[in-house]
Amino acid sequence: MDFRSLGHTCVVGMHWGDEGKGKIVDLLTEHFDIVVRYNGGGNAGHTVQIGGEKFALHLLPVGVLSPGKAAVVGPGIALDLPRMLEEIATLSQRGIEVGDRLKISDRAHLVMPYHKKQDALSEAALGDGKIGTTARGIGPCYADKMQRATALRVGDLLSPDNFREKLRRIVQQKNALFSAIYGDSEPISADSLADEYLGYAEQVRRNICDTTQFLYENIQAGRRLLFEGANGTLLDVDHGTYPYVTSSSTSALGVPAGAGVPTQTIKTVLGVTKAYTTRVGSGPMPTELHDDTGQYIRDRGHEYGTTTGRPRRCGWFDAVAGQYSVRVGGVTQVAVMHLDTLTGLDRIGICTGYRTPNGPLPGFVSDPALLAAAEPVIEYLPGWKEDLRSARSIDALPANARAYLDRIGTLLGVPITIVSVGPERTQTLLRS
Ligand code: GDP
Ligand code: IMO
Ligand code: MG
């Protein structure tokens with residue numbers, strides 16, 4: 001793989017999140033100067049394993065783990081400030097100083113405790129119809145951003161009196177709303193919340209800036225940008241399985257707006273997918289396996305959420321959804337993760353189409369009812385018994401594993417340039 005030729009690159013998930021974006025961003029960081037988060041917030045959980053040591057980041061861009069690299073939290077982020085401060089403190093205890101390398105957009109929106117409360121109350125009220133959110137306040141924060149009058153941005157923290165005044169008004173509304181709609185009887189105190197957040201602001205004051213200008217100047221100076229997508233393309237608010245999605249633009253389409261760079265900035269869109277498919281939360285998943293094979297994949301792949309610890313739903317690789325993600329987000333090359341997890345299966349399925357009682361579907365559809373009714377058309381390939389975790393080149397993989405990768409590559413129609421056979425940086429196979 002020729003890293004120099006990548007240009008400004010975006011790493012995005014091709015399914016419903018947790019594809020292994022964190023590992024890929026970490027791997028690529030040494031070839032870039034700045035790592036930029038542009039969407040989502042604390043709902044993301046990006047795991048990186050370096051020499052047996054695990055790091056799980058939710059708000060900080062993975063680039064902060066690499067010494068000397070700058071990290072940007074862009075305008076499109078829903079920022080849970082206390083959680084980010086916890087991440088910074090935890091890293092510091094582990095010998096990694098974030099310091100001035102972190103730039104936080106003054107335009108990013110603050111996730112406040114009442115957003116998390118609203119998330120939880122709304123989900124509880126939905127009962128069986130719940131979205132299955134991560135309860136990190138993402139939906140309510142972005143709803144307030146669009147509503148405008150009830151929003152707070154990072155930049156608001158820099159004017160304490162205005163912040164306090166605004167917060168009083170918003171909290172009054174939230175308390176009234178929670179009581180009227182959900183029968184909630186525990187009002188939030190605006191003043192103590194203001195004290196708390198203005199305290200946090202002091203800790204990050206030097207990090208807050210106009211990141212759009214920062215990125216512009218760095219692009220002009222020839223620095224290389226790596227955009228770290230959160231969530232996955234099928235969770236995109238416009239293009240995913242709505243309403244069972246998150247509330248941001250999760251594919252490369254989200255980069256220009258969420259990071260504040262011109263559309264033509266990105267040269268490479270690296271789509272990340274597992275060698276199978278997983279999903280957390282509610283919503284249709286045509287290839288889900290409810291049998292022992294699904295459990296086998298969950299156990300071998302440690303498929304439990306990084307953010308919430310929930311068991312992930314597991315199923316065969318969904319090439320129809322993958323093709324859709326390639327098309328929607330303009331994926332130019334693919335990283336296939338967790339190939340090692342499939343070891344030991346006699347045969348491995350790939351979903352190549354969807355059928356319904358009314359005939360085949362033309363491809364991926366975002367209508368949840370239609371998708372829920374879809375039966376996957378599964379093509380089976382022979383499995384392999386060899387442990388792949390110590391393989392160090394694609395040529396060293398068993399023939400059946402190579403044939404499986406080739407089939408995925410053919411179906412997606414874009415080259416597979418990275419294959420991952422374990423969580424460590426070293427367990428990564430590159431193809432030029
Ligand atoms: P992200 O949200 O896309 O960054 O993915 P997560 O970090 O939530 O989940 C991916 C999990 O798989 C993490 O625990 C990684 O350490 C792990 N992982 C990544 N690549 C591989 C791989 O190739 N094989 C195995 N066994 N684990 C992997
Ligand atoms: P990373 O970046 C997996 C899912 C939630 C839920 C839906 C809405 O680690 O891949 P939200 O809290 O965003 O309102 O939840 O989206 N979800 C994710 N699933 N990985 C993620 O992020 C996710 N971010 C959101 O499970 O179904
Ligand atoms: Mg994750």
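A polar contact is a pair of N or O atoms within 3.5 Å. The model examined here is predicted. By that cut-off, the side chain of D18 is in polar contact with ligand 1, because one of its N or O atoms lies 2.9 Å from an oxygen atom of the ligand. Two further contacts of this kind involve G45 and S420. For G45, a backbone N or O atom is placed 2.8 Å from a ligand 1 oxygen. For S420, the side chain provides the N or O atom, and the distance to an oxygen of ligand 1 is 2.5 Å. The protein covers much of the ligand surface: ligand 1 taken alone exposes 580 Å², and 93% of that is buried by the protein. Around ligand 1 there are 19 residues. Those that come nearest are K21, G22, T47, D340 and S420.

D18 and G45 also serve the metal site. Both are protein donors of the magnesium ion, ligand 3. D18 donates through OD and G45 through O, at 2.0 to 2.2 Å from the ion. The two donors come from distant parts of the chain, 27 residues apart. D18 sits in the loop between strand 1 (9-13) and helix 1 (21-29). G45 sits in the loop between strand 2 (34-37) and strand 3 (46-50). Their accessibilities fall into separate classes. D18 has 22% relative accessibility and so counts as partly exposed. G45, at 9%, is under the 20% limit and therefore counts as buried.

The loop between strand 2 and strand 3 also holds N43. N43 has a relative accessible area of 11%, so this residue is buried. Its side chain makes two polar contacts of note. One reaches the backbone nitrogen of G41 at 3.0 Å. The other joins the side chain of N43 to that of T246, at 3.1 Å. Residues up to four places away in sequence aside, N43 touches T134, R136, I138, N231, T246 and T307. T246 thus appears both as a polar partner and in the list of residues touched by N43.

Salt bridges form the next set of interactions. The count comes to 22. One of them pairs D144 with K174, with the closest N and O atoms 2.8 Å apart. This pair links distant parts of the chain, 30 residues apart. D144 belongs to helix 4 (residues 138-147) and K174 to helix 5 (residues 160-182). Both partners are buried. D144 has a relative accessible area of 7%, which places it in the buried class. K174 counts as buried because its relative accessibility is 5%.

The bridge between K385 and D346 has another setting. Its closest N and O atoms are 2.9 Å apart. The partners are separated by 39 residues and again link distant parts of the chain. K385 lies in the loop between strand 18 (375-382) and helix 12 (399-412). D346 lies in the loop between strand 15 (333-337) and strand 16 (347-356). Both K385 and D346 are exposed. Elsewhere, salt bridges that share partners join five residues, R164, E165, R168, D191 and D195, into one network.

A further salt bridge connects E202 and R205. Here the closest N and O atoms are 3.0 Å apart. R205 counts as partly exposed, because its relative accessibility is 36%.

How values were computed:
Residues numbered from 1 in each chain as written. Chains lettered and ligands numbered in written order. Predicted model: local features only at pLDDT ≥ 70, side-chain atom pairs only at ≥ 80, totals over all residues. Heavy atoms only, no water. Donors = N, O, S within 2.8 Å, 3.2 Å for Na, K, Ca; no water. Helix = DSSP H or I, 4+ residues; strand = E, 2+ residues; numbered from the N terminus. Buried < 20%, exposed > 50% of the residue type's maximum accessible area, 1.4 Å probe, protein only. Polar contact = N/O pair within 3.5 Å; in protein donor to acceptor, adjacent residues only side chain to side chain. Contact = heavy atoms within 4.5 Å. Salt bridge = Lys/Arg side-chain N within 4 Å of Asp/Glu carboxyl O. Near = heavy atom within 4 Å. Areas by Shrake-Rupley, 256 points an atom, 1.4 Å probe, with all protein chains shown as cover.
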